[in-house]
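Here are some notes to read with the model open beside you. Please take the points one at a time and find each residue before moving on.

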Amino acid sequence: MSEKKIVIFFSGNGSNMENIIKTLQNKIYVDKFGKEYIIKIPFVICNKRDAYGITRAKNLNIECKIINKKLSEFEVESSALLDFIACDLVVLAGFMRILSPEFCKKYKALNIHPSILPLFKGANGILDSFYSNMKIAGVSVHFVSEQLDSGEIIAQDIIYKIDGESLEDFERRIHELEYKIYPKAILEVLGCKK
Ligand code: GRF
């Protein structure tokens with residue numbers, strides 16, 4: 001059976017990585033022509049030695065390649081790994097680094113951001129949404145481009161703010177939305193129907 005190969009990049013907690021692996025690893029899908037594919041996540045890549053996600057990957061029996069190097073070296077090493085397996089899609093999940101324009105052109109890559117883009121780009125998407133005067137908040141999945149949180153949007157979903165809700169609870173609901181939306185967007189980009 002043909003394979004669709006995904007590699008996930010992360011830097012920290014890794015809960016989206018864990019959810020994507022649990023949801024998609026070894027699942028069989030059909031494309032629009034009726035051809036069957038199995039999804040494979042052969043390994044994940046982390047750029048921080050102390051990231052909690054490394055433990056999550058280990059518990060899921062997924063190899064985690066740690067590349068804790070400056071961007072140019074990170075990209076050379078990760079490219080070699082991606083090319084070796086003929087990776088179909090790179091999935092960024094809490095990957096706290098801006099990839100070079102060359103890397104973004106070479107690989108099809110997705111990112112998830114915890115806000116309704118184009119609002120609240122950057123590292124504080126959840127806090128900025130929480131403290132904004134908007135009544136809704138949400139998450140966005142987009143193609144990775146050379147500009148931060150700015151590539152074409154693939155999927156978005158929203159939650160309504162609840163009066164008096166704590167930041168913790170708000171954050172938990174944002175993450176729950178991420179776990180729902182990201183695997184679906186990945187399948188859509190891979191052309192998998194079910
Ligand atoms: C998520 O909120 C994601 O939207 C953002 O970084 C966070 C990563 O969380 N890009 P985790 O590492 O997946 O738990």
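**Notes on the predicted model**

1. The lining of the second largest pocket is made up of four nonpolar residues, one polar residue and four charged ones. Please keep in mind throughout that this is a predicted model. The pocket has a volume of about 170 Å³, and the residues around it are Phe130, Met134, Lys135, Lys161, Ile162, Asp163, Gly164, Glu165 and Phe170.

2. One of those lining residues, Glu165, deserves a closer look, and it sits in the loop between strand 9 (153-160) and helix 6. Is Glu165 buried or exposed? Its relative accessibility is 15%, and because buried means under 20%, Glu165 counts as buried. The side chain of Glu165 makes a polar contact of 2.8 Å with the side chain of Arg173; when residues up to four places away in sequence are not counted, Glu165 touches Phe130, Phe170 and Arg173.

3. The largest pocket has a volume of about 810 Å³. Its lining consists of 34 residues, and those that lie nearest its centre are Gly94, Phe95, Met96, Ile112 and Pro114. Two or more lining residues come from each of helix 1 (15-24), strand 7 (109-113), helix 5 (125-131) and helix 6 (167-190), with helix 6 giving the largest share, four residues. By type, the lining divides into 14 nonpolar, 16 polar and four charged residues.

4. Helix 1, which contributes to that lining, is mostly covered, since eight of its ten residues are buried. The buried residues are Ser15, Asn16, Met17, Glu18, Asn19, Ile20, Ile21 and Leu24.

5. Moving on to the interior, the largest nonpolar core contains 41 residues, and the ones with the most contacts inside it are Ile6, Ile8, Val44, Val141, Tyr182 and Ile186. The element that gives the most to this core is helix 6, with ten residues. There is also a second, separate core of 18 residues, which includes Ile67, Phe74, Leu92 and Phe95.

6. To see how such a core residue is surrounded, take Ile6, which, leaving aside neighbours within four places in sequence, is in contact with Leu24, Ile39, Lys40, Ile41, Pro42, Phe43, Cys87, Leu89, Val91, Ile186 and Leu190. One of these partners, Phe43, lies in strand 4 (residues 43-46) and is buried, with a relative accessible area of 5%. Not counting residues up to four places away in sequence, Phe43 touches Ile6, Val7, Ile8, Ile62, Glu63, Lys65, Leu81 and Ile85.

7. Which residues outside its own stretch of sequence, beyond four places, is Ser79 in contact with? They are Phe103, Lys106 and Tyr107. Ser79 is found in helix 3 (residues 71-85), where its side chain reaches the backbone oxygen of Glu75 at 2.7 Å. Because its relative accessibility is 13%, Ser79 counts as buried.

8. The next points concern backbone geometry. Most residues other than glycine have a negative phi, and most peptide bonds are trans. Asn26, just after helix 1, takes a positive phi of about 65°, and it is found in the loop between helix 1 and strand 2 (28-30). With a relative accessibility of 41%, Asn26 counts as partly exposed. Asn26 and Ile38 are twelve residues apart in sequence, yet their C-alpha atoms are 5.6 Å apart in space; leaving aside neighbours within four places in sequence, Asn26 is in contact with Ile38, Ile39 and Lys40.

9. Two further residues with positive phi can be set side by side. Asn61 has a phi near 60° and lies in the loop between helix 2 (53-59) and strand 5 (63-66), where it is exposed, with a relative accessible area of 72%. Asp149 has a phi near 55° and is found in the loop between strand 8 (136-143) and strand 9, but at 9% relative accessibility Asp149 counts as buried.

10. Finally, please check the peptide bond between Leu117 and Pro118, which is cis, with an omega of about 10°. Pro118 has its place in the loop between strand 7 and helix 5.

Methods:
Residues numbered from 1 in each chain as written. Predicted model: local features only at pLDDT ≥ 70, side-chain atom pairs only at ≥ 80, totals over all residues. Heavy atoms only, no water. 1 Å grid on protein atoms, 1.4 Å probe; cavity = no way out; pocket = protein on both sides within 12 Å on 5 of 7 lines; lining within 4 Å. Points joined across faces, edges and corners; volume = space filled by probe spheres on them. Nonpolar A, V, L, I, M, F, W, Y, C, P; charged D, E, K, R; others polar. Core = buried A, V, L, I, M, F, W, Y, C linked by side-chain atoms within 4.5 Å. Buried < 20%, exposed > 50% of the residue type's maximum accessible area, 1.4 Å probe, protein only. Contact = heavy atoms within 4.5 Å. Polar contact = N/O pair within 3.5 Å; in protein donor to acceptor, adjacent residues only side chain to side chain.
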